[in-house]
Amino acid sequence: MSTTLATLRQRLLEGIGDYISVIVTTAIGAGVSVISTNLKEYDGGSDDYFNGWYCYITDKANAGIERQVSDYATATGTLTVRGANLTDDVANLATVWVCRHSVLQIIDKAINRSIDEIYPAFMAICLSISSGLIPISLY
């Protein structure tokens, strides 16, 4: 079974209780706003609730883009993100993850560190099996 990086990211975020995935309710335009009234079920009715969090866009024209949230308005479900203008998604409704931790910095670093730690042991087992030191019937 193959596990993609997206799945690893999602599972790690879920494991630390830092995973909100919503579909935008207004297509992302060429600006710095990401609008999803679906966020209202998580914000406790508070403006600025997601300030300082990260918005990671998983698909459509801005796929793979992550920006820190500078402002949030609960009335409209609008995240204002830092950085250059996003690419206009025309009429496509993207999926976004809103997380306390940076997906591209913190989460990917954790995944890479895990791989670094298990890779030598995994390779030792593979070499032992391929060289006949461990009979395949025991594996």
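Hi everyone, let's start with one residue, R100: its relative accessibility is 42%, so R100 counts as partly exposed. Please keep in mind throughout that this is a predicted model.

R100 has a partner. It forms a salt bridge with D18, and the closest N and O atoms are 3.6 Å apart. D18 sits in the loop between α1 and β1, while R100 sits in the loop between β6 and α2, so this pair ties together parts that are 82 residues apart in sequence. And is D18 buried or exposed? D18 is buried, because its relative accessible area is 1%, and the cut-off for buried is under 20%.

In general, side chains of opposite charge can pair when their charged atoms come close. How many salt bridges does the structure hold? It holds two. The other one joins D108 to R9, with 2.7 Å between the closest N and O atoms. This pair, too, links distant parts of the chain: D108 belongs to helix α2 and R9 to helix α1, 99 residues apart. D108 is buried, at 13% relative accessible area, and R9 counts as buried as well, at 9%.

Now let's step back to the overall layout. The chain has two helices and six strands, and along the sequence they follow the pattern α-β-β-β-β-β-β-α. The six strands make an open sheet with antiparallel pairing, in the order β1-β6-β3-β4-β5-β2. At the edges are β1, residues 20–23, and β2, residues 33–35, each of which pairs on one side only. From one strand to the next, the twist averages 35 degrees. Edge strand β2 is joined to β5, residues 78–81, by three bridges, and the two run antiparallel. There, V34 has L79 of β5 as its bridge partner.

Let's move inside the sheet, to β3, which covers residues 54–57. Y54 and Y56 point one way from this strand, C55 and I57 point the other way, and all of them are buried. β3 pairs with β4, residues 66–73, in the antiparallel sense over three bridges, and Y54 stands opposite Q68 there. β3 also pairs with β6, residues 95–99, again antiparallel, over four bridges. On that side, Y56 stands opposite W97. Helix α1, residues 5–15, lies across β3 and β6, running at about 40 degrees to β6.

Following the chain on from β3, we meet K60, in the loop between β3 and β4. K60 counts as partly exposed because its relative accessibility is 42%. Which residues does K60 contact, leaving aside neighbours within four places in sequence? They are D89, N92, L93 and A94. K60 and T87 are 27 residues apart in sequence, with 9.6 Å between their C-alpha atoms.

One more stop, on the surface. I115, Y119 and F122 form a nonpolar patch there, with about 320 Å² of accessible area together. F122 is in helix α2, residues 103–130, and is partly exposed, with a relative accessible area of 48%.

Let me finish with the chain as a whole. Of its 139 residues, 30% count as buried. The chain exposes about 8100 Å², and carbon and sulfur atoms supply 56% of that. Among contacts between residues at least 6 apart in sequence, 65% join residues at least 24 apart. The two salt bridges we began with include the link from D108 in α2 to R9 in α1. Thanks for listening!

Note on methods: Residues numbered from 1 in each chain as written. Predicted model: local features only at pLDDT ≥ 70, side-chain atom pairs only at ≥ 80, totals over all residues. Heavy atoms only, no water. Buried < 20%, exposed > 50% of the residue type's maximum accessible area, 1.4 Å probe, protein only. Pairing = 2+ DSSP bridges. Contact = heavy atoms within 4.5 Å. Patch = residues over 30% accessible without salt bridge, like charges linked within 9 Å, V, L, I, M, F, W, Y side chains within 5 Å. Areas by Shrake-Rupley, 256 points an atom, 1.4 Å probe, with all protein chains shown as cover. Salt bridge = Lys/Arg side-chain N within 4 Å of Asp/Glu carboxyl O. Axes fitted to C-alpha atoms, helices over the stretch in contact; angles between N-to-C directions.
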